[in-house]
Amino acid sequence: MNARSPRDQLRNINNTLLAVAIGALLLMGAVVLQDVLLLVFAAILVACVLRGAAVWLHRHLGLVPGLWLAVVIVAITLLLSVGFWLQGPTVTAQAAKVADTVTQQVRHLWEAVQDNPLIQRLMPEIKAKAGSALSSLSSMVPSVASSTIGVGGDLVVVFATGIFLAASPETYLSGFLRLLPTDWRPRGREVMDHLGNTLQLWFLGQLADMIVVAVLTGAGLFFLGVPLALTLALIAGLFNFVPYIGALAGAVPALAVAVAHSPQTAMYVAILFAVVQTLEGNVIAPLIQKRTVDLPPALTILSQTMLGTLFGIVGLILATPLMAATMVAVRMIYVESVLENNGDDPGPRTT
């Protein structure tokens, strides 16, 4: 193998330093704009889902994708509006009852453990912590309304941006690809197509998983005679959008309501959730993932922990699709285009 000339070595050093500098700048920008980047990713996820539905209808029924996109948006809006009109007041009232029941059970639990010697020994410290928490909560009350408005505004921005991205994806995709070197653009388009397809499949898999969990949970709660079965099943299904962690959180309201009914019912509900989650993790999810996206459980939990710690509930919700997209990007950009590229050109493949 011929030794590289000093000029080639210097060029490689310059390229490495340039790559490090660009990476550092991108990392600094990501830290500064972390909230904005999460909203952008959420908008891209919405756009991929809407565009995927429109393209699927276009392939099977004809007509232009833009028309089907409008139909999909109108259909989703009508479905949500009719569902809220028919069941919204009932579900809202039942959700308030669930929240009240959980609060009461927490209060009863606290009253039950107050006589414990260890709790009594720690009582001064607990009271001090509680007082500090209450004072902090009181200072936060004036900002609750503005925070709620801020969340609502973020949702409006996400869905509006997602609709515009879905309406003309080629405009934004072509603009992004023009930022890449000419030789990299074919591979860049291939990577972007795979990323969009991955996000679509992930959403379909999660939606199917949520529906199955909600149906199984609702049927079991109804059979056990647990009050508010419909609302509790909806909560369990919605929380299952966040894998693993959401499943545990979705069981808490049902257990609280069951404890208020009877300890025996609570035991049956715990068994029900254990059975449903066992079926979901070992039968339902693997069957769905065969046709969608298969993510390693360890990476999923680590990504949820990391992004949930850094960005709160938004990071927790978006952790799994972001991990799925990251795995595709690393595989196609680094593993396939760099490590497994046997050609002389170190740039990305253009297959």
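This text walks through the fold, from the whole chain to single residues.

The model is a predicted one. Its protein chain has twelve helices and zero strands. Read from the N terminus on, the order of elements is α-α-α-α-α-α-α-α-α-α-α-α. The chain counts 351 residues, and 29% of them are buried. Now take the contacts with a sequence separation of 6 or more. Residues 24 or more positions apart make up 64% of these.

Start with the interior. The largest nonpolar core holds 30 residues. Within this core, Leu50, Leu199, Trp202 and Leu318 have the most contacts. Several helices feed it: α2, α3 (65-113), α6 (144-167), α8 (185-224) and α12 each contribute at least two residues. The top contributor is α2, which gives eleven residues. There is also a second core, separate from this one. It has 16 residues, among them Ala236, Ala254, Val257 and Leu272.

Helix α2 deserves a closer look. It covers residues 34-61, and helix α12 covers residues 297-339. The axes of the two helices come within 10 Å of each other. They cross at roughly 55°. Because of that angle, α2 counts as oblique to α12. The crossing of α2 past α12 is left-handed.

Which residues of α2 and α12 make the contact? From α2 come Gln34, Leu38, Phe41, Ala42 and Leu45. From α12 come Phe311, Val314, Gly315, Leu318, Pro321, Leu322 and Ala325. By type, the residues of this contact are ten nonpolar, two polar and no charged.

Leucine 318 links the two pictures. This leucine is among the residues with the most contacts inside the largest core, and it is also one of the α12 residues in the contact with α2. Leave out residues up to four places away in sequence, and leucine 318 touches Leu38, Phe41, Ala42 and Leu45. Those four residues are listed on the α2 side of the contact.

Next, turn to helix α6. Leucine 165 sits in this helix. Beyond its neighbours within four places in sequence, leucine 165 is in contact with Ala43, Ile44, Ala47 and Tyr172. Leucine 165 and leucine 50 are 115 residues apart along the chain. In space, their C-alpha atoms are separated by 9.5 Å.

Alanine 167 also belongs to helix α6. Along the sequence, 117 residues separate alanine 167 from leucine 50. From C-alpha to C-alpha, the two are 8.9 Å apart. Setting aside neighbours within four places in sequence, alanine 167 contacts Arg51 and Leu69. Is alanine 167 buried, partly exposed or exposed? Its relative accessibility is 45%, so alanine 167 counts as partly exposed.

Finish with helix α11, which spans residues 263-291. Threonine 265 lies in this helix. Its relative accessible area is 8%, so threonine 265 is buried. The cut-off for buried is under 20%. Not counting residues up to four places away in sequence, threonine 265 touches Val226 and Ala258.

Methods: Residues numbered from 1 in each chain as written. Predicted model: local features only at pLDDT ≥ 70, side-chain atom pairs only at ≥ 80, totals over all residues. Heavy atoms only, no water. Axes fitted to C-alpha atoms, helices over the stretch in contact; angles between N-to-C directions. Parallel < 35°, antiparallel > 145°, perpendicular 65-115°, else oblique. Left-handed = near helix turned anticlockwise from the far one by under 90°. Contact = heavy atoms within 4.5 Å. Nonpolar A, V, L, I, M, F, W, Y, C, P; charged D, E, K, R; others polar. Buried < 20%, exposed > 50% of the residue type's maximum accessible area, 1.4 Å probe, protein only. Core = buried A, V, L, I, M, F, W, Y, C linked by side-chain atoms within 4.5 Å.
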